[in-house]
Amino acid sequence: MCGIVAYIGKQEAFPILTKGLQRLEYRGYDSAGIALRNGQGEFEMFKKKGKVADLLAHVNGKKLTANMGIGHTRWATHGPPNDVNAHPHFSGNNRLVMVHNGIIENYEALKVALEEAGHTFQSDTDTEVLVHLIEELQKRENLPLEEAVRIALSKVVGAYAIVIMDREDPDKLVGARKGSPLLVGIGDGEFFFASDGTPIVEHTRRVVYLDDEQIAVVTRDGNLQIKTIENEQLSPFVEQLDLQIESIEKDGYDYFMLKEIHEQPHTVADAMRGRINAKEGWIRLGGVEEYTNRLLQANRYIMVACGTSWHAAMLGEYLFEELARIPVEVEYASEFRYRNPILTEKDVVLGLSQSGETADTLAALQLAKERGALLYGIVNVVGSSIARLTNAGSYIHAGPEIGVASTKAFTGQVVLLTLMAMSIGYKKGTISKSYFHRLLSALEEIPAKMESLLSQCEEQVRYIAAEMKNATNALYLGRGYNFPIALEGALKLKEISYIHAEGYPAAEMKHGPIALIDKNMPVIVIATNKSAYEKIVSNIQEVKAREGRIIAVVTEGDKTISPLADYTIEIPETEEVLTPLLSVIPLQLLSYHIAVMRNCNVDQPRNLAKSVTVE
Ligand code: F6R
C-alpha cells in the first residue's frame with residue numbers, strides 16, 4: 001500500500017515524479033503529493049486528497065523547476081484521507097521532508113516523547129512522528145541526515161519504506177526499508193527511489209532492491225552507499241529490471257483489468273513455458289527438482305494466502321489431494337500467523353501472492369520458517385519479499401498486474417499449483433502415466449481454449465451484465481473444483497461493482513442461503529462438473545423452484561441445464577481438474593462489465609489497494 005517515487009539528477013523532477021505516481025496509483029489512491037527542492041534551496045510542496053489527477057489540477061500548470069524531489073500516493077492507515085494527512089510530511093523546523101509507506105506501530109509513544117520535547121504535529125499520521133524524530137536526533141546531535149535516519153529507525157517498531165530530503169543538503173536523498181518494498185534505480189548521473197520498477201523503467205534498468213533494515217544514501221555526484229541499521233556497510237548488488245513498458249500501458253483497453261483478462265491466454269502459456277512438454281511427457285519446475293525429497297516426504301502441505309490468492313490456494317488443496325495424495329490445509333494468512341499453529345520440520349508451507357508483499361502472508365511464512373517448515377513461494381513479482389524469503393518457489397510470470405482486482409495472477413497461480421501437484425503426484429506414483437500424459441496435453445490446449453472462450457462469450461456476458469447491473473445481491477454456487485471459482489466470482493463482483501455477493505458450495509445452499517432466493521436474486525451456478533453433475537442439476541432445480549434467476553456456466557454442448565437456466569454461458573470442454581482455468585473467465589468478464597455499467601472505477605475500486613503491505 002502506498003507508492004513512493006523519488007529523483008535526484010539533472011532532469012526536471014516534476015514530470016518524472018508525477019508520471020511515476022500515476023504508474024504507482026494501483027498501490028493506493030486516497031491522496032497524492034510531491035515535494036521538490038528548487039534551485040533557490042526552497043522546498044515546494046503540493047498534496048491533495050484523491051488521485052494524481054487531482055494533484056495535477058491543484059498544481060494547475062504552475063511551472064516547477066527542480067531536479068530533486070519525492071512523491072507519494074497514499075492508501076490511508078493513520079488518519080482519514082485528506083489534504084493534511086497526505087504525504088509528504090515536513091519535520092517541525094521544515095528542514096526535512098519525507099514520504100513513507102507502512103505503519104509505525106509505536107508512533108504514539110514516540111509522539112508523546114516528542115511532544116514533551118516541544119514538537120507539535122499538523123496531521124494524524126505516524127509518518128509525521130517519524131520525520132520529527134529524525135529532525136530531533138539530527139538537531140540534538142548535529143548528525144548527518146543518514147545517521148539521524150539510522151538512529152531513528154532503530155527506535156521504530158513496525159514497517160516502513162521511506163525517502164527523505166534535507167533542505168540544507170541539495171545533493172543527497174536517503175531511503176530505507178523494512179517490510180515495505182523500495183528499490184534504488186541507478187541512471188546516468190541520476191538516481192531514483194521507487195516502490196517498484198514501474199515509475200523508472202524508461203529511465204534505467206539498473207536497480208538495487210533494498211532488503212529489510214537497509215538504508216541507501218544517493219548523492220548527486222553518483223555515489224550510492226548502502227548500510228544496515230546496525231551501521232554495517234554493504235556493497236550494492238545491482239540487478240537488471242525485467243519489465244516491458246507495453247506491459248504497464250493500457251494498450252487500447254479502457255481498463256487494465258480488461259486488458260489483463262484478455263492477456264490470460266498468453267500469461268497462462270508463459271506460466272507453462274519451458275516447464276512442460278506433452279510430447280515428451282515431462283514437467284520441470286526448478287523449485288520442485290531442487291527440493292524433491294522434502295516435498296515428497298512432507299506430512300502435509302499448508303497453503304497461506306489472502307483474497308484471490310487464497311481462492312487459488314483452495315484449488316491447490318483439491319489438486320494436491322487428488323493428484324498427489326498429500327493432505328493440505330488452506331489458511332488465511334492473517335489468522336494463521338496469530339494462532340500459534342502446530343508446525344514441524346516435516347511440513348511444507350506454500351505462500352501464494354501476486355505482489356509478494358502482502359504483509360499477512362509474509363508474516364505467516366516468516367513464522368513457518370522459524371519453526372523449520374520448508375517454504376515454497378508461488379509469486380508473480382520477481383524479487384519481492386516473499387520470493388526472497390522462501391526456500392524455493394516458482395514465479396507465475398504473468399507480468400505486471402495493475403488492475404486492483406486480480407485476474408491473470410489467479411490463473412497463473414492455478415497453473416503453477418496444477419503443475420506442482422502433477423509433478424509431485426507423478427514422482428510419488430499417485431497418478432498413472434496415461435492420466436499424467438492426458439493432463440499434459442489438456443494443459444497445452446488451455447491457452448487456445450481461453451482465447452476462443454474470450455472471443456465467443458464476451459458479447460453474451462455483456463448482455464447478462466446489463467440484466468444484472470441493478471441487482472443488490474448475488475449468489476455464486478459451485479461444487480468441487482468450481483466451489484473456489486464461486487468464491488472468486490463473488491469476490492470479483494463485490495470488490496469492483498459494490499454489489500453484495502456470496503460464494504457457496506452449491507449443496508450448502510439449502511442449509512441457509514436458500515432463504516434469500518426470490519425472483520430478484522441472480523444465482524450464478526458454475527456447473528461444468530463431470531463428477532456430481534446430477535447433484536448440481538438438482539441444486540439448480542432447487543433455485544428454480546424458488547424463482548431465482550439462474551445464470552449457468554456449463555460445458556459446451558450441455559443439453560440438460562440450458563432449459564432450466566435463464567442464461568447459459570458455455571466453456572470449452574477440458575479435463576475436470578483444469579476447468580477452473582476456463583470457468584473463471586466469464587465470471588471475471590461479468591463483474592467487469594457490471595462495474596463499467598454501474599460507472600465504477602474498475603481499476604481503482606474504493607477503499608482498496610493492490611498491494612496490502614499493512615496488517
Ligand atoms: C482481489 C485481490 C486481493 C488480493 C489479496 C492478496 O481481486 O486482488 O484479494 O488477492 O490482497 O494479494 P497478493 O496476491 O498480492 O498477496
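**View 1. The loop that holds Pro88.** In this predicted model, Pro88 has its place in the loop between β4 (66–74) and β5 (89–90). The peptide bond that joins His87 to Pro88 is cis, with an omega of about 5°. Most peptide bonds are trans, and most residues other than glycine have a negative phi.

**View 2. Arg325 in the loop after α10.** Arg325 is found in the loop that lies between α10 and β19 (328–332). Although Arg325 is not a glycine, its phi is positive, at about 50°.

**View 3. The ligand and the residues around it.** The ligand occupies the second largest pocket of the predicted model. There are 15 residues around the ligand, and those that come nearest are Ser309, Ser353, Ser355, Thr358 and Glu495. By residue class, this shell is made up of 8 polar, 5 nonpolar and 2 charged residues.

**View 4. Where the shell around the ligand comes from.** Domain 2 (245–431) and domain 3 (450–602) each contribute at least three residues to the shell around the ligand. Among the helices, α10 (307–324) and α16 (482–497) each supply at least two residues of this shell.

**View 5. Polar contacts to oxygen atoms of the ligand.** In the side chain of Ser353, an N or O atom is 2.6 Å from an oxygen atom of the ligand. Backbone atoms take part as well: an N or O atom of the Ser406 backbone lies 2.9 Å from an oxygen atom of the ligand, and a backbone N or O atom of Thr308 lies 3.0 Å from an oxygen atom of the ligand. The ligand taken alone exposes 400 Å², and 90% of that area is buried by the protein.

Conventions
Residues numbered from 1 in each chain as written. Predicted model: local features only at pLDDT ≥ 70, side-chain atom pairs only at ≥ 80, totals over all residues. Heavy atoms only, no water. Near = heavy atom within 4 Å. Polar contact = N/O pair within 3.5 Å; in protein donor to acceptor, adjacent residues only side chain to side chain. Areas by Shrake-Rupley, 256 points an atom, 1.4 Å probe, with all protein chains shown as cover. 1 Å grid on protein atoms, 1.4 Å probe; cavity = no way out; pocket = protein on both sides within 12 Å on 5 of 7 lines; lining within 4 Å. Sits in = over half its atoms within 2 Å of the grid points. Helix = DSSP H or I, 4+ residues; strand = E, 2+ residues; numbered from the N terminus. Nonpolar A, V, L, I, M, F, W, Y, C, P; charged D, E, K, R; others polar. Domains from an automatic or database assignment.
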